[in-house]
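Reader: I should like to learn how the features of a model such as this one are to be read. May we take them one at a time?

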Amino acid sequence: IPVSSTIVLEDMPVEDNYKGPRMKGNNQDGYTIDLDFIKEMLEAFKEQKLIHRRFAYEIILKAQALFKEQPSLVDIPVADDGHFTVCGDVHGQYYDLLNIWELNGLPSESNPYLFN
């Protein structure tokens, strides 16, 4: 049994006094990740702060579900006038990654990135 299937998110309520970035939603129905949360989380990390444990698990489990849905090799169409940023291994250098995003913009549908 994978450990991820034993995680009960509802057992990790976000306390009212939690002051960090918040996802949209609630403890019972779950949370969703949006751009505002991502930007607030990036700023919190710059300040060496943490996000709530519940939100960390929400991110990990959602990412796992997305990865499981994807084939191991995908074709990504890029318009003739479009661009695609290929980013080498940043070796866990968070501030280098933030600098790349500051120079090239955040990843999005119209600003795709490939990380090796």
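**Reading the model, feature by feature**

Author: Q48 is found in the loop between α1 and α2 (53-69). The model is a predicted one, and Q48 offers a convenient place to begin.

Reader: Is Q48 buried or exposed?

Author: A residue is called exposed when its relative accessible area is over 50%. Q48 has a relative accessible area of 64%, so it is exposed.

Reader: What is the sign of phi at Q48?

Author: Phi of Q48 is positive, about 65°, although Q48 is not a glycine. H91, likewise not a glycine, has a positive phi near 50°. H91 is placed in the loop between β3 and α3, and because its relative accessibility is 63%, it counts as exposed. A positive phi is also found at G105, which follows α3; the value there is near 90°.

Reader: Let us turn to the overall architecture. How many helices and strands does the protein have, and in which order do the elements run?

Author: There are three helices and four strands. Starting at the N terminus, the order is β-β-α-α-β-α-β. The C-alpha atoms fill a box of roughly 45 × 35 × 25 Å along the principal axes.

Reader: How are the contacts distributed along the sequence?

Author: One takes the contacts between residues at least 6 apart in sequence; in this protein, 58% of them join residues at least 24 apart.

Reader: What share of the residues is buried, and what does the exposed surface consist of?

Author: Of the 116 residues, 22% are buried. The protein exposes about 8900 Å², of which carbon and sulfur atoms supply 56%. As to charge, there are 10 positive and 19 negative side chains, and the centres of these two sets lie 9 Å apart.

Reader: How should I read the burial pattern of a helix? Which residues of α3 are buried?

Author: An α-helix has 3.6 residues a turn, so residues three or four places apart point the same way. In α3, which spans residues 94-104, the buried residues are L97, L98 and W101. Seen down the helix axis, the buried residues of α3 fall within an arc of 100°, and therefore they line one face of the helix. The face turned away from that buried side carries E102 and L103, both exposed.

Reader: Against which elements do the buried residues of α3 pack?

Author: They pack against α1 (35-46) and β4 (113-115). L98 in α3 serves as an example. Its relative accessibility is 12%, which is why it counts as buried. Leaving aside neighbours within four places in sequence, L98 is in contact with L42 and K46. L98 and L42 are 56 residues apart along the chain, yet their C-alpha atoms are separated by 8.3 Å.

Reader: Which residues form the largest nonpolar core?

Author: That core has eight residues: V14, Y18, M23, Y31, F37, M41, I51 and F55. Apart from it lies another core, of six residues, including L42, L97, L98 and Y113. Within the largest core, F37 is an instructive member. Neighbours within four places in sequence set aside, F37 is in contact with P21, R22, M23, I51, F55 and I59.

Reader: Could we also examine a strand? Where is T85 found, and what does it touch?

Author: T85 is found in strand β3, residues 85-87. It counts as buried because its relative accessibility is 17%. Residues up to four places away not being counted, T85 touches N104, N111, P112, Y113 and L114.

Reader: How does one read an intermediate accessibility, such as that of V78?

Author: Values between the limits of 20% and 50% are called partly exposed. V78 has a relative accessible area of 38%, so it is partly exposed. The place of V78 is in the loop between α2 and β3, and, residues up to four places away not being counted, V78 touches H83 and F84. The C-alpha atoms of V78 and F45, 33 residues apart along the chain, are separated by 32 Å.

Reader: Finally, where is I1 found, and how far is it from H91?

Author: I1 is found in the segment before β1 (24-26). With a relative accessible area of 90%, I1 is exposed. I1 and H91 are 90 residues apart in sequence, and the distance between their C-alpha atoms is 31 Å.

How values were computed
Residues numbered from 1 in each chain as written. Predicted model: local features only at pLDDT ≥ 70, side-chain atom pairs only at ≥ 80, totals over all residues. Heavy atoms only, no water. Buried < 20%, exposed > 50% of the residue type's maximum accessible area, 1.4 Å probe, protein only. Helix = DSSP H or I, 4+ residues; strand = E, 2+ residues; numbered from the N terminus. Arc of directions from axis to C-beta. Contact = heavy atoms within 4.5 Å. Areas by Shrake-Rupley, 256 points an atom, 1.4 Å probe, with all protein chains shown as cover. Lys, Arg positive; Asp, Glu negative; His and termini not counted. Charge placed at Lys NZ, Arg CZ, Asp CG, Glu CD. Core = buried A, V, L, I, M, F, W, Y, C linked by side-chain atoms within 4.5 Å.
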